[in-house]
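Dear colleague,

I am passing a structure on to you, and below it you will find my notes on what turned up when I went through it. Please read them with the structure open beside you.

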Amino acid sequence: MTTTQTSVVHDLGTLAHRLSHPARTPCVCEPPQVLADRPDGTVVRSGSIVAKAHAADTDREALTARIALAAAPQLAGILLPPLTAPEPAAPTARPVTLWPLGAPVDPTDPGAAPWAEAADLLARLHRTEPPFPLPPMRGPAKAARAVARMRAALRGDAIAPPRDPAVEPRDPAALSVLAGWRALPAWARGEAPAPAPGAEALCHGDLHLGQLVRHPAPDGPWLLIDMDDAGVGDPAWDLGRPAAWYAAGLLAPEDWSTFLDAYRAAGGPAVPADGDPWPALDVPARALTVQTAAVALAKCAAEQRDPDDHEQLMIESCARIATSPPELATGPAS
């Protein structure tokens, strides 16, 4: 951890502790706990308060809108509401938000994964009319950022002066990921407007089981968290990661059926009410496959290790994507 990161963690812990600790009472609090520490998000807990420092290059106006969305009455029971708006004079150079503590999904108990609850929350989110103007959902942009991160990591930009960005990595796994990326239509790479603007909805933008918590902890209802990528866009994108995991063999068929059936039962608009969902899900699932594989390779490069079995499955899926045309390639292909 760098000195800068250590300072951010300390400042967040101090802020969260100050807000969670009753004034003028003896302090018996445990030390602040680091829940995540990445350039795009440092999260520290003290007591019942969670402080998050967002990425330094965050669009603050867009973040303010997204945090206001989480606090909107229309989204009560769907999104975890913040304790504050982004602080203009945060203790770090990065914008900071404060949240109540929720109980996350237990990663050691796959059988208890709340797939039906996640699908119901998504469907309700997608059916909600945006309460005010919002930025675009960042799904395609996030995928593009993951590919750029992989390229930089494999070129060694993180530990040396940036090299020519036109020079592609030669790693065979990275070549598979890049081939899958280039096979996507331009809108899925964030290079063109998404097709069918009439089908746009309010989206989370980065759905996975780590984005659910029970609040109040530990037994309250499930709520969605982390609205950094939320906005208006193609609701199929929110189903893209579970669909990608299912297609790659990482999500059991019964779990996928539970998720899809619950989403349809709740009136989710991303897929037809019955019949084949893949014409709607195919391109987002492919894009999320590439994104997942790209992030995995960037981490492998940073940690100087080979991909694990799950990461290898996603990389192999990228190779298949590169050789089969998408079912839905609406819009320009390049």
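Val213 stands opposite Leu223 of strand β8, and this pairing belongs to a set of three bridges that join strand β7 (residues 212-214) to β8, the two strands running antiparallel. They are part of an open sheet of three strands, in the order β5-β7-β8 and with antiparallel pairing. At the edges of this sheet are β5 (103-104) and β8 (222-224), each of which pairs on one side only.

Before going further, I should say that this is a predicted model, with a mean pLDDT of 86 for the chain and with 86% of the residues reaching 70 or more. Two stretches call for caution. Over residues 158-162 the pLDDT is below 50, and beyond near neighbours in sequence this stretch has two contacts in the model; over residues 328-334 the pLDDT is likewise below 50, although that stretch has 17 such contacts. Where pLDDT is low, the predicted coordinates should not be read in detail.

As for the chain overall, it has nine helices and nine strands, and buried residues make up 46% of its 334 residues. Among the contacts with a separation of 6 or more, 72% are between residues 24 or more positions apart. The chain exposes about 15900 Å², of which carbon and sulfur atoms supply 57%.

Other strands are paired as well. Strand β1 (residues 33-38) is joined to strand β2 (residues 41-46) by five bridges, and the two run antiparallel; they form a hairpin with two residues between them, in which Ala36 has Val43 of β2 as its bridge partner. Five bridges also join strand β3 (residues 49-54) to β4, again antiparallel, and here the bridge partner of Ala51 in β4 is Leu98.

Strand β4 deserves a closer look, since five of the five residues in this strand (residues 96-100) are buried, so β4 is largely enclosed by the rest of the structure. In a regular strand the side chains alternate between the two faces of the sheet. In β4 both faces are covered, with Val96, Leu98 and Pro100 buried on one side and Thr97 and Trp99 buried on the other.

Turning to the aromatic residues, a search of the whole structure finds seven aromatic pairs. In one of them, the rings of Trp187 and Trp237 have their centres 6.2 Å apart and their planes at 65°, which is over the 60 degrees required, so the pair is edge-to-face. Trp187 lies in the loop between α5 (172-182) and β6 (201-203), whereas Trp237 is in helix α6 (residues 236-248), so this pair ties together parts of the chain that are 50 residues apart in sequence. Both Trp187 and Trp237 are buried.

A second pair, formed by Trp256 and Trp278, is tilted, with 6.0 Å from centre to centre and 35° between the planes. This pair also links distant parts of the chain, as Trp256 is in helix α7 (residues 253-265) and Trp278 in helix α8 (residues 278-303), 22 residues apart. Both Trp256 and Trp278 are buried, and they belong to one aromatic cluster together with Trp115, Trp245, Tyr246 and Phe259.

Helix α8 also holds Arg286. Is Arg286 buried or exposed? Its relative accessibility is 11%, and because the limit for a buried residue is under 20%, Arg286 counts as buried. The side chain of Arg286 makes a polar contact with the side chain of Asp282, at 2.9 Å. Leaving aside its neighbours within four places in sequence, Arg286 is in contact with Leu184, Ile321, Ser324, Pro325 and Pro326.

The last residue in these notes is Pro130, which lies in the loop between α3 (115-127) and α4 (139-155) and which, at 28% relative accessibility, counts as partly exposed. Pro130 and Leu69 are 61 residues apart in sequence and 8.3 Å apart in space, C-alpha to C-alpha. With its neighbours within four places in sequence left aside, Pro130 is in contact with Leu202 and Val232.

With best wishes

How values were computed
Residues numbered from 1 in each chain as written. Predicted model: local features only at pLDDT ≥ 70, side-chain atom pairs only at ≥ 80, totals over all residues. Heavy atoms only, no water. Phe/Tyr/Trp six-rings, centres within 6.5 Å; stacked < 30°, edge-to-face > 60°. Helix = DSSP H or I, 4+ residues; strand = E, 2+ residues; numbered from the N terminus. Buried < 20%, exposed > 50% of the residue type's maximum accessible area, 1.4 Å probe, protein only. Contact = heavy atoms within 4.5 Å. Areas by Shrake-Rupley, 256 points an atom, 1.4 Å probe, with all protein chains shown as cover. Polar contact = N/O pair within 3.5 Å; in protein donor to acceptor, adjacent residues only side chain to side chain. pLDDT = per-residue confidence, 0-100. Pairing = 2+ DSSP bridges.
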